[in-house]
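Here is a friendly tour of one model, written for someone who likes to know the cut-offs. Please have a look at the structure first, and then we can walk through it together.

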Amino acid sequence: MQQDSEIAIIGAGVVGLACALHLAEAGHQVTLIAPEDDESGASYGNAGVIADYAVMPVGTPDVLRNLPALLFNRDSPLAIRPALALAPWLLRFARESLPGRARLNAQAIAALLAPAASSWKELAAQISGQDLLKPLGSLYLFETEADRRGTRFETYRAHGVAVEEISRAELGQLQPGLPEGIGLGAAFFPNTITLDDPGQMLRRLRVAVTAAGVERIAARVTRLKRGKGQVTLRGEGLHLNARRVVIAAGAWSRAFAAQAGDRVPLDTERGYHLEYDSPAPRLIRQMTPVSRGFYFCPMAGRLRVAGTVELGGLDAPASEHRWAVLERGARAILPDLPEPDRRWMGCRPSLPDSRPVIGPSRAGPEVIHAFGHGHLGLTLAPITARLVTALVTGRAPELDLAPYRADRF
Ligand SMILES: Cc1cc2nc3c(=O)[nH]c(=O)nc-3n(C[C@H](O)[C@H](O)[C@H](O)COP(=O)(O)OP(=O)(O)OC[C@H]3O[C@@H](n4cnc5c(N)ncnc54)[C@H](O)[C@@H]3O)c2cc1C
């Protein structure tokens, strides 16, 4: 059956849902299209950090220096499944890691991050999700002196991020569950907010989106086609004509962007999580052992251990080895952890310069991009929704969108 809509959004992860809510509240008729697999997107299984301190791009001169060692050590926090298809992305990533590029990328990320915490508080209030926000700060755990030396306090402060270096004794007070003898101290980001449960926050968003009058179609879009004054989306059982389309399909957005007229080097950094049920919290604050590339995330009734990066494409099965690396890393800090109760793998939508793509397609503003948020999609979903809504309604966006345009590549 053929349908019409003013605005169609492809994707119902945190970015698509936040855009749908914001646009519907601004008075637009919105249709949200995504398959009913709400736990498979990155938005479900992430670490739950509103990471407004994360001003550094993934690619930096430090990472570039260590790249060969990281890539060829199977147990490092960054792994790669050998595949020729990844070479172009990696080459661009290496270029973006050079000092000048990394500085520009940090500026672009910092501009988006500045309103992240306040925009999340607003969104949480709109969807009755304030109880899921935990204003407890976040810790970067130093296991070695090298960890401490490698932490760029001055860069964080230059971007206005509050961070304190704390001793082992202070760390023990902030994180009483940490076993004695583990860690030398930490960097403490006192203003960071974490989510008690990203899955629960997504459910509240879905309820709010439905209440705001958004129609949801359970379908997988296979084709986006521009026509006169409209864009057509096709898929099995789907034929929808919309005046505007927002592409928010996370790591699956590249083909739609290409069909809209933009070639973007979107790929995926796959991430993993393990969960340990525990009625009494083992840890009270979110904490990252800095050299291991994952987070300990205390969540409702459980401890989630989430993170690491695997460059492995969208289709390869999850890697048993990556779960094992995560499990070993978690036990190195908390030796009495039992077998995990759950495991998950998800696909971060990643560009080589760690900046999302937000803004109109170069072939015309009927298509608006809202994807590629990499490690920061949860953090940046509400601000992305505000920017997309400004574009749709013809208002000047609150930020200069030039650094996030699709035609920067
Ligand atoms: C282990 C891990 C930890 C992370 N930790 C954090 C964190 O602490 N803080 C943070 O800010 N970010 C974090 N991230 C990143 C964050 O989770 C992602 O950037 C964010 O979830 C991306 O949201 P999205 O809505 O763009 O994509 P997704 O959540 O992946 O959603 C994509 C949507 O598109 C739909 N879709 C796909 N194909 C089609 C199609 N053909 N037709 C229609 N719909 C389609 C999917 O069904 C889904 O609904 C983490 C990621 C991982 C993997």
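Which residue in the turn between strand 11 and strand 12 has a positive phi? Gly 229 does, with a phi of about 70°, in a hairpin that leaves two residues between the strands.

## Ground rules

This is a predicted model, in which local features need pLDDT of at least 70 and side-chain atom pairs count only at pLDDT 80 or more, while totals for chains, interfaces and linings use all residues. Residues are numbered from 1 along each chain as its sequence is written, and side-chain values use heavy atoms, with hydrogens and water left out.

## Two hairpins in a row

Helices (H or I, at least four residues) and strands (E, at least two) are DSSP runs numbered from the N terminus, and two strands pair if DSSP finds at least two bridges between them. Strand 11 (residues 221-227) runs antiparallel to strand 12 (residues 230-235), with six bridges joining them. Here Arg 226 faces Val 231 of strand 12.

Strand 12 is also joined to strand 13 (residues 238-247), again antiparallel, by five bridges. Arg 234 has His 239 in strand 13 as its bridge partner. This hairpin, too, has two residues between its strands, and Gly 237 takes a positive phi near 75°.

## The second largest pocket

A pocket is an open set of points on a 1 Å grid over the protein atoms alone, where a 1.4 Å probe fits, with protein on both sides within 12 Å along at least five of seven lines; lining residues have an atom within 4 Å of a point. The second largest pocket has a volume (the space filled by probe spheres set on the points) of about 530 Å³. Its lining counts 23 residues, and Ala 85, Arg 254, Pro 265, Leu 266 and Asp 267 lie nearest the centre. Helix 4 (87-96), helix 11 (254-260) and strand 14 (267-277) each give two or more residues to this lining, with the largest share, three residues, coming from helix 4.

## Around the ligand

The ligand is surrounded by 36 residues (each with a heavy atom within 4 Å), the closest being Ser 43, Val 49, Gly 374, His 375 and Thr 379. Polar contacts are pairs of N or O atoms within 3.5 Å. An N or O atom in the side chain of Ser 43 lies 2.4 Å from a ligand oxygen atom. A polar backbone atom of Val 14 is 3.3 Å from an oxygen atom of the ligand, and for a backbone N or O atom of Gly 13 the distance is 3.4 Å.

Terms used: A polar contact is a pair of N or O atoms within 3.5 Å; within protein, one must be able to donate a hydrogen and the other to accept it, and residues adjacent in sequence count only if both atoms are side-chain atoms.
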